[in-house]
Structures are given as C-alpha cells and as structure tokens.
Amino acid sequence: MADRQGGMVQSYGYNSLSPTNSQVVSRAVAAAAANNHHSSKKSGRNSKRYSVSAFYSMAAEQDNEVEDELAQAQRRLREIKSKISAQSKKNFVLERDVRYLDSRIALLIQNRIALAEQHEMAAHFEEHGAADDDVYPDDRKLQQFGNLFFILQSEPRHIATLCRLVSLAEIDTLLQTVMFTLYGNQYESREEHLLLTMFQNVLAAQFETSTEFGSLLRANTPVSRMMTTYTRRGPGQAYLKSVLAEKIKNLVEHKDLNLEINPLKVYEQMIQQIEADNGGVLPDDIPKSVTADVAASHPDVQAIIQPRLKMLMEIAESFLTTILASVDYVPYGIRWICKQIRSLTKRKNPQASEFAVCSMIGGFFFLRFINPAVVTPRAYMLLDNVPSKHPRRTLTLIAKLLQNLANRPSYAKEAYMLPTNDFVENNKQRINKFLNELCEVSDFYESLEMDQYMALSKKDLVIHISLNEINNTLSLLQKHLDVIAPKDKDRLRVLMNEMGAAPAQVARKDNKTIELALFSRWEIPIQDLTTALMSENNITQNDILYMETKAIYVQLIRSLPHLATGANLDLDYIAETAATTKDPQLVRKGIKVKDMLRELEDMGIIDHRDRYKLLVEEITQELAHLGNLKEKVLVELTSLEAVYDTILNHNTYLRQQLESYKAYLQNVRLQSSGADKSTKKSVGIGVQVDGQKTPASIGHAGHATSKKKGAVQGPFKFSHAQLEKDGVICQSTVPEARQPNIFFAFTSPLPGTFIIAMHFKGREKAILEMDLKLDDLLEKQQDNVELLDLEYVGLNVTKVIQLLNKTFLTRNKGGLFS
C-alpha cells in the first residue's frame, strides 16, 4: 500500500514519493473527513467520499504534473499573486516613508527651516543603530524565531491582543509585519483566514470595551488603521479598480465642471468673477465678504447652486448604483469583516435598529474602504495624476453624500449639505439592502481547520521577514508579554524567555530580509494524528485507493484531452491508451490505474458491468469543475495582471514623490545656505568619548568631533549663569562653587548640525560634547519632550531651539541651515 500511497502523492501534484509526503496525503484526506464530520450528519459511503473529495478537488486544481492550458494559467496566476503580495509590501513601506517626509516638511514649513540632506533623511526611514557585521542570527536563533512566528501566525489571538495594545506611533511598523509578512500571501486561503480570525478577535475586544458605540469604527485608532490597511491589499485594490476607476476617470475629464454647493465658497467665486469681468473693480453695492447665512440667502448664489445640486446628486446616484451592483465582486475578507461588525453590533446592543446596525457596517465599508479611494484616487492607484481643482472638490462632495447615506444622520454636519437630504432619504432602503447583502457570506472555520492540518504537514512553510521586523516584533511582545501570555506555561512566554532580550534595531544597510522557515516544536506527530483522524471518521485505505484512482484518471484525460471527446468516458480504453503511449510517465500511470481499477472492482466498490458508472460520474464532474475553473482562472489572471501593473505604476509614483520631497528639502537648504555641494556629508547624532562614539547621546569628551571642510560657524560662548537665567538650563548638577567657571560653546560645523560643548575655564579639552540635528530637536518639541539631557545639565528643548535661532539667525541671514 506504500507504493499506492506514493502514487496518491503524485496524483495530487507532489513530486516526491517519500514516506513523509505519502503521510501528508493520508493526513489531508483524514482532515477533509474531519471537516465534514463536524459540519454534516450524513452517514454512509457517499458522505465519506464527499468529504475526501473536498481535499481531492483542492489538490486537482493545483496539479503539478499536467501541462494543459489550465495548469499553465494556474502557474501564471500563482506567480502574479506572489508578485502582487511582494510588491504590496514594498509599496506599504514606501508610503510610510512618504508620510514620514510629509511630517518633516510640515516641520520645515512651521519653523521656516530646511532639514538635513538626502542620505540623512533616508537614514531616518527605518529605525537604525550602529552598523554591525554580526547581526545575522545564528541557526539556534533562526529556529527560535521560526517557532515563535509559527505560533504568532497560527494562533492569531496573540497578534490581535498586540494590535490593541500598541500606540498609533507603533502601529505602522507592526502592520507591515502582520499584513505583508506574517499573513503576506494575500491569495492563500490559510493566511487570509488566519488574518480574518485575528480581525475577529480585535473587533470583539473593541466592541466589548468600547463606551463610544457610535464612533467605534470611526475614531483614528490602531484598530481602525489596521482595517484601512487591510482594504488596501491586492484583492481590495482589484475591486476598487474594477468598480470605481472608470467612473472617476469619466468625471475628472470635465476639468471645468464646478459643482461647489457651499454658499460661502460660491459667493467668493462669484465675487472673483465679477472683479475679473470689471477689471479688478467691485461695484460699491456688492460686499466683498459676507457671512455664510447672507451668502446662502443671496438670490444669485441660490441660482448658481440649484442646478449644481441636481447634477451633483445625479452623479452621486450613478456612483451609488455602480457600487450597489458590485456586491458579488466585493472581496470575501471585506464582506466577512462586515458580517462580524453586524454580529458584534447586535450582540453589543440587542435593541439597535436595523438602520443603526447598517450604519456601523457603512462606517467600515464606506469610511474605511470606498470613500478614501473616491477622495484621493491617485493614492489608490485609480488615476495616473491628481485630479484638477473642480473634479477634486466634486469627488469630495460625492464621498460626503455616500458617507451621509451610510451613516443616515438625522441632520447633515454642514448646513450646506442639508439640501442633499433627499438623496439620503430616497436611497435609504437600497443602501440598507446592500449593506446586509455584504454580510451574507459563509464562514471559513472548517476550511481553515483543513488548512491548519496541511500547514503542520508542510516542510516549506516560510515567510520573508527583515531583521528589524523580527526585532521590532520581539520588542513589542516583551513590552506586553504579561497581557499576551500571562501564564508561565504559555508557549509564547516559554519561547520569549528562552530568547532573552530583544536585539536592537540594526543599521539600514544591515537590515537584510531572510527566508524564515516556520514550524512548531509542539506539533503532534503526523502519523499519530492521521491514525486518530482516520479512526474517528472511519476513513480506510480503500477510500484513499478510490480517490487516487480518480485523481490519476483526471490527470490522464487532462494530458490526453482527446480521450474525453465521447459522450461517456471509457475508463478501460483511457488506461490502455495511456499505457501504450511513448511517454514513460503516462505509460506508468496507465499500467498502474488498470491494476487499481481491478482492485476496486474486487472490493465491490465499482462494477465493470455498468461501465464503472459511479467513478465515471465523479470524474466527469471533476473535469467539468476544472473546465469552469479554467475560464475563471483566465478571467482572474487578466484582472490581476492589470492590478499588478497598477501597483508597479504606483510604486514608480511613490519613488518619484520620495525623490521630489528629498530634492525639495535639499534645494531649500542649498538656497538658504549657498553651501558648496562638497559639504553634504552629515554628522551623526552621538557623542565623542575618548575618540569613540558611544551608543548614548552624551559622554565625557575626548578627541574633538571630526569636521568636514567648510564654513564652520562659531563657537559662540555662553556662561552657565546666563543660560540658567534665560531658562535654557532647567536642571543642573554642577556644584554652585564651580558654576562660574563653566561655559558652553555652540558650533555649527554643517548646515542644520550643531555641537554643544561644555567647558571648564582654563582647560583646552571640553568636559563633554553633544551632536544635535535641528530637525530632531523639532521632532522632540512636536512630541512634547521637554528635556535634553546633557549629563551634568538638563536643557529645555524649546529654549535651545530659540537660542539656536537667535544665535545663528542674527549672525547669518541665511538661517539655521546656512
């Protein structure tokens, strides 16, 4: 029977005939039966055959030995799905970098300063530390990491708890690991279902602890950020592109179509037009500015707004109709989340009306998924360019209409939106029906059970993860371990205790991505679990033989499609034809399947007198399924190839935006300083101690900080007493008797870089030095960090910035970066 099981392995697309792989199949068949055992009360042979077929169909769809059109299309489909998953992660990281630079440019604008240069900014994109040639984990560490991440992946409750505990500042890095690494295969059922299970745990806890029921899914929290990120994975992006892209493109083509309905803005635009028509002169009887109420009551404004209102609601109706017709194309995961929201809402508030329940669903589907794409179509890869002014405003108003409809408020937030209430009233029932239909999807728990059994059998279960993702995850787990794994015997705690303290973040250049093999050291031995499952479900070797026979026949017919041209399949003829071809593999299968056919007949399972009717029917059904599958695969392939091209284009856009930001920052610095390009090397943040930089921010002075050639400003000297009087020094451990002999020298060796040196009169060497970047000071200020620790003295961050402004700005009109 071992040989027959080996054939079963090959019939399911496994290349190896090893005992391990044959056990995989037996185990998988038993798992399929276990699924059916939990979900069905059927009895008899047909029930067992049906349950085994569940796994058979899954394996047949991914046959590695057949080279027909279906197999080729499936291979291309798997490749494109893998590319989409990998590229989505790259885009997520780039988008995070762009957001980082957004915040830096905000600091620039607020403080009228330039930031550091290109390569300095790049160093901030990832958490970084000192370069180290020995950062790659050894084999023991890799095994520990593999065991840890297997538990995190296969037991989603741990990640669910962590996502609720982290801060908004920490969530993006964690989301990168969760969405694009741990569950990064966006089209693989097991990872998708585990991710959704994690969402269920997060949402259940969120509903349980929430006191703000109405704004539960609308507040900006780590959980809401996580849900938004989920919708931006490949399947969600494909849906948005197929449903919204054409509508939005048609709208933005009308660049001059102005549908502004805010009376105040309409009045302002009207005044601007009157001035333009009269050579910049406004008649005396027309005020230049008025209140919102006066603008709303102005007859000319009303005359402008009325036709705009009508057209705006017609366009919104068109968008709505397209969305409502797309329910069958909404990705399963997004629909399943809607289903959980409905269930949890009813559980949390049994008295909630259906409108209130649907409002909660709409808070996710429209607020987190549809409307962001409508408002910013370029960011969601629906347009190649940012829409012009008027279409951009129209899209914003359409999103407001859709959100008001999903929320169904008793009044619009903005008074000028009140006239659109007819749109809301007329579409209440339609949106209600749609939101409920979104929730009508089956659960995945049974298929996940099978997937989990299969995962335990896989020897190639891997994730691709960077060293800093590992280190960051370990750091967050250690921080919250008492909540996540409170018991001493919790597997997660056992592993974390064995691994010790989390490694520090590595330098960007050392942040390698590794292929991490996942496994569980607590795994139940395959053979024992298989025996238990087969015993529980009465699955016999005869069942395996039957399924193997069917699998080989399907393979033969797919390899020799002309054998299936008749009305009925002739199994004897198919086997004989295969056995007499020139293909050694087909010959082997043909000879083998003839023997298997006879053995099944000897067992009384099939009968040649009815031309093996039962087996023929199942083979025919499977071939029909695979035929339909081919058409679906080709359609999906075409769609995903378009999505992949769009994601690649978005990647190009993000890179261009990143480069534009960097160039902008560099140009501002150069314009303000007139510095020579040869001085663009940065000075790292740290302290020189006896000629070596310490990991800490400060230390005792040794050799002077090396400086690049260029225009060094300073030193400018200030006494301890003067800085203390001005509030720059807010804490001091310097003895009062020595304070008169202490002074501080401020130097700027490079634009945007400063050295604060603490000196004792009469001594040439500084007591200590600190290197500072001005943008880091600004970030501390933005984060409400008040104290800058200089070991002997504590400096007030805001006062230091003011002192730098005053000192260097008054001496050089170019500013702090010059």
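This report covers the overall make-up of a predicted model, then one sheet, one buried threonine and the cavities.

**Overall make-up**

The protein chain has 818 residues, and 52% of them count as buried. Its secondary structure comprises 30 helices and 11 strands. Contacts with a separation of 6 or more are mostly long in sequence terms: 75% of them join residues 24 or more positions apart.

**An open sheet**

Four strands build an open sheet. Their order is β5-β7-β8-β9, and the pairing is antiparallel. At the edges stand β5 (713–719) and β9 (768–773), each paired on one side only. From one strand to the next, the twist averages 20°. In general, strands of a sheet pair through backbone hydrogen bonds, in either a parallel or an antiparallel sense.

The pairing of β7 with β8 can be given in detail. Strand β7 spans residues 742–750 and strand β8 spans residues 753–760. They pair in the antiparallel sense over 7 bridges. One residue pair can be named here: Thr747 has Ile755, in β8, as its bridge partner.

**Thr394 in helix α17**

Thr394 sits in helix α17, which runs over residues 389–407. Is Thr394 buried or exposed? Its relative accessible area is 2%, so Thr394 counts as buried, the cut-off being under 20%. Leaving aside residues up to four places away in sequence, Thr394 touches four leucines: Leu251, Leu257, Leu259 and Leu312.

**Cavities**

How many cavities of 30 Å³ or more does the structure hold? There are 3. The largest cavity contains about 60 Å³ of space. Its lining includes Gln186, Glu192, Pro331 and Gly333. Tyr230, Thr231, Arg233, Pro235, Gly236 and Ile334 also line the largest cavity. By class, this lining has 4 nonpolar, 4 polar and 2 charged residues.

Three helices each supply at least two residues of that lining. They are listed below.

| Helix | Residues | Share of the largest cavity's lining |
|---|---|---|
| α10 | residues 222–231 | at least two residues |
| α11 | residues 234–252 | at least two residues |
| α15 | residues 332–348 | at least two residues |

**In brief**

The chain combines 30 helices with 11 strands. Strands β5, β7, β8 and β9 form an open antiparallel sheet. Thr394 is buried, with a relative accessible area of 2%. The largest cavity, at about 60 Å³, draws on α10, α11 and α15 for at least two lining residues each.

Methods:
Residues numbered from 1 in each chain as written. Predicted model: local features only at pLDDT ≥ 70, side-chain atom pairs only at ≥ 80, totals over all residues. Heavy atoms only, no water. 1 Å grid on protein atoms, 1.4 Å probe; cavity = no way out; pocket = protein on both sides within 12 Å on 5 of 7 lines; lining within 4 Å. Points joined across faces, edges and corners; volume = space filled by probe spheres on them. Nonpolar A, V, L, I, M, F, W, Y, C, P; charged D, E, K, R; others polar. Pairing = 2+ DSSP bridges. Axes fitted to C-alpha atoms, helices over the stretch in contact; angles between N-to-C directions. Buried < 20%, exposed > 50% of the residue type's maximum accessible area, 1.4 Å probe, protein only. Contact = heavy atoms within 4.5 Å.
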